[in-house]
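Please look through the sequence and the model below before reading on. The paragraphs that follow take up cysteines, surface charge and one strand.

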Amino acid sequence: MSHKPSESLRHDIERWLREFLLNPTEPADQRERARELGGLPLYADMGGLVVLRPDGTALTYDWEDSKSEATDDVWKVIALTTSREKYPGLRELLPERTVSALDCAACTGTGSILRATCGKCLGLGWHEPEAVGVAG
């Protein structure tokens with residue numbers, strides 16, 4: 001998944017990041033990491049933080065070892081789906097649903113289970129059919 005943001009979305013991400021950095025109600029540790037990494041915080045839990053840079057690069061920051069690295073596609077999708085209501089333009093970066101995709105049975109296509117991101121579809125509400133009988 002290597003979607004790059006449109007020019008318009010890139011500007012929106014830059015604006016959202018500036019607003020985030022200036023907002024004293026946002027967690028201080030997230031504002032500090034956002035400034036340091038040059039990315040908009042999209043997802044945080046006790047393990048770390050995922051930020052999105054204006055160029056579409058997502059980074060994961062680990063609270064325990066104070067290291068950051070490129071985020072894998074799974075965490076990037078989770079970060080995007082969990083923040084798409086706050087930042088609707090981010091939908092542009094999500095994978096497009098294919099014609100073969102199935103509604104997620106685990107979350108009944110909602111993307112969440114008990115207000116938590118669905119682990120089966122990563123919050124998308126759909127997933128590709130699983131390979132069956134693949135020759136090995």
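A disulfide is a pair of cysteine sulfur atoms within 2.5 Å. With that cut-off in mind, we can turn to this model, which is a predicted one, and ask how many disulfides the structure holds. The structure holds zero, and the distances help to explain this. The sulfur of Cys118 has its closest cysteine sulfur in Cys104, at 3.7 Å, which is too far for a bond. For Cys104, the closest cysteine sulfur belongs to Cys107, and here too the separation of 3.7 Å is too far for a bond. As for their surroundings, Cys104 is buried, because its relative accessible area is 1% and buried means under 20%; Cys118, with a relative accessible area of 1%, is buried as well.

From these buried cysteines we can move to the surface, where a patch of negative charge is formed by Glu64, Asp65, Glu69, Asp72 and Asp73. One member of this patch, Asp72, lies in the loop that runs between strand β4 (67-70) and helix α3 (73-83). Asp72 counts as partly exposed, because its relative accessibility is 43%, and partly exposed residues are those between the limits of 20% and 50%.

A last stop is Ala116, which is placed in strand β7 (residues 116-117). Is Ala116 buried, exposed or partly exposed? Ala116 counts as partly exposed, since its relative accessibility is 39%. Although Ala116 and Thr82 are 34 residues apart along the chain, their C-alpha atoms are separated by 9.0 Å in the model.

Definitions and conventions. Residues are numbered from 1 along each chain as its sequence is written. This is a predicted model: local features need pLDDT of at least 70, side-chain atom pairs count only at pLDDT 80 or more; totals for chains, interfaces and linings use all residues. Side-chain values use heavy atoms; hydrogens and water are left out. Buried means under 20% relative accessible area, exposed over 50%, partly exposed in between (1.4 Å probe, protein chains only). Patches are made of residues with over 30% relative accessible area and no salt bridge: like charges are joined within 9 Å, nonpolar side chains (Val, Leu, Ile, Met, Phe, Trp, Tyr) within 5 Å. Accessible areas come from the Shrake-Rupley method with a 1.4 Å probe; for residues, only the protein chains shown count as cover. A salt bridge is a side-chain nitrogen of Lys or Arg within 4 Å of a carboxyl oxygen of Asp or Glu. Lys and Arg count as positive and Asp and Glu as negative; His and the chain ends are not counted. The place of a charge is taken as NZ of Lys, CZ of Arg, CG of Asp or CD of Glu. Helices (H or I, at least four residues) and strands (E, at least two) are DSSP runs, numbered from the N terminus.
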